[in-house]
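Visitor: I've got the model open at my desk. Could you take me through the ligand site up close?

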Amino acid sequence: MRTFFNYCGGKTRLVKTLLPYLPNTFNDYYEPFLGSGALFLEMAHRGKLTGKSCFLSDLDTLLMTTWRAIQEDGHHVLALLKQHPDTWETWETSLKILNDTPDDCPFETAAAYIHVKGRSFGSILRRSKRSGHLNPSFNRSPSPLRFACIEQGIPLLQHSVHLFDCTFSAMHPKRGDVVFLDPPYLGTDMSLYNTAYSVYPQIINYCHALTRRGVHWLMTNSDCPEIREDFRDYAIVSLGSQVASFAQDKEGVRPRYGELLVLSPELGEGREFLAENKGF
Ligand SMILES: C[S@@+](CC[C@H](N)C(=O)[O-])C[C@H]1O[C@@H](n2cnc3c(N)ncnc32)[C@H](O)[C@@H]1O
């Protein structure tokens, strides 16, 4: 199933690759770098999360306001979104709502967020360093806003889905739960996500702690020697390479980057690429 909006670093194209690595049985589901929630939505759509509690979170407050508004009254958000003709002027109005009054009405904020995101170049909402305001570029040839996907997603958020805006380490899964970690990749320009620091050093400790607690986890990241070294005790799968949608060099050529998947011991067990378990 498609996400509600395009997202920089979104995992839609990898969902079918990731699904076979998830365990058949588990307790609750966690996605602490939610973004557009590509894996969550696909799993929920396939009925793989029925009867489980889902804990979905992200540091981005506007993003989480949008998820909460869709959960609370997605049809209201859709109605607001459909109200405006989709022009540069209405895009400017939506951007003003996000910059001036994001806390006043969550439904308007959600509609404005989806509108601005959908019509911004590369779906990137960077903030100006000087004013702190969002200052994306208007995309003149974007794909259409995804009304049908939002409509389809509304029921998937109705049962035992808990949404939080917080940093990933504030989420505390328990033994037998599954956690999908999709952090900003090591080496990524953090201004893409409006955060000032790389979360990578904390992630290493977080993953080790999850392992000790008996939590099943899987993490996507960039394929680079540092990650292969830091996670050498875990199973690592190469996910091939992608063309970056968010960067280009002076000649307009988009760089390619490799991606990998790191698996917790139980998820990697029995697979031919299982690294030696050094004892956690
Ligand atoms: C690669 S994107 C996730 C994409 C998502 N899997 C999808 O399919 O759309 C990374 C996300 O991490 C969030 N993020 C960055 N730093 C964070 C932190 N310290 N804690 C939680 N989320 C964070 C960003 O806001 C962004 O939404």
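Guide: Sure, and bear in mind that this is a predicted model. Let's start with the make-up of the site: the shell around the ligand has 13 nonpolar, seven polar and four charged residues. There are 24 residues around the ligand, and the ones that come nearest are Tyr 7, Lys 11, Ser 36, Asp 58 and Asp 182.

Now for the polar contacts. Ser 36, one of those nearest residues, places a polar side-chain atom 2.6 Å from an oxygen atom of the ligand. Over at Thr 167, a polar side-chain atom sits 3.0 Å from a nitrogen atom of the ligand. Phe 168 uses its backbone instead: an N or O atom there lies 3.0 Å from a nitrogen atom of the ligand. As for cover, the ligand on its own has 610 Å² of accessible area, and the protein covers 99% of that.

While you have the model open, have a look at a pair of helices too. H3 (residues 61–83) and H5 (residues 106–118) have axes that come within 7 Å and cross at roughly 95°, so H3 is roughly perpendicular to H5. On the H3 side, the contact includes Leu 62, Ala 69, Ile 70, Asp 73 and Leu 80. H5 brings in residues including Pro 106, Phe 107, Ala 110, Tyr 113 and Ile 114. By class, the residues of this H3–H5 contact split into 13 nonpolar, five polar and three charged.

Technical notes: Residues numbered from 1 in each chain as written. Predicted model: local features only at pLDDT ≥ 70, side-chain atom pairs only at ≥ 80, totals over all residues. Heavy atoms only, no water. Axes fitted to C-alpha atoms, helices over the stretch in contact; angles between N-to-C directions. Helix = DSSP H or I, 4+ residues; strand = E, 2+ residues; numbered from the N terminus. Parallel < 35°, antiparallel > 145°, perpendicular 65-115°, else oblique. Contact = heavy atoms within 4.5 Å. Nonpolar A, V, L, I, M, F, W, Y, C, P; charged D, E, K, R; others polar. Near = heavy atom within 4 Å. Polar contact = N/O pair within 3.5 Å; in protein donor to acceptor, adjacent residues only side chain to side chain. Areas by Shrake-Rupley, 256 points an atom, 1.4 Å probe, with all protein chains shown as cover.
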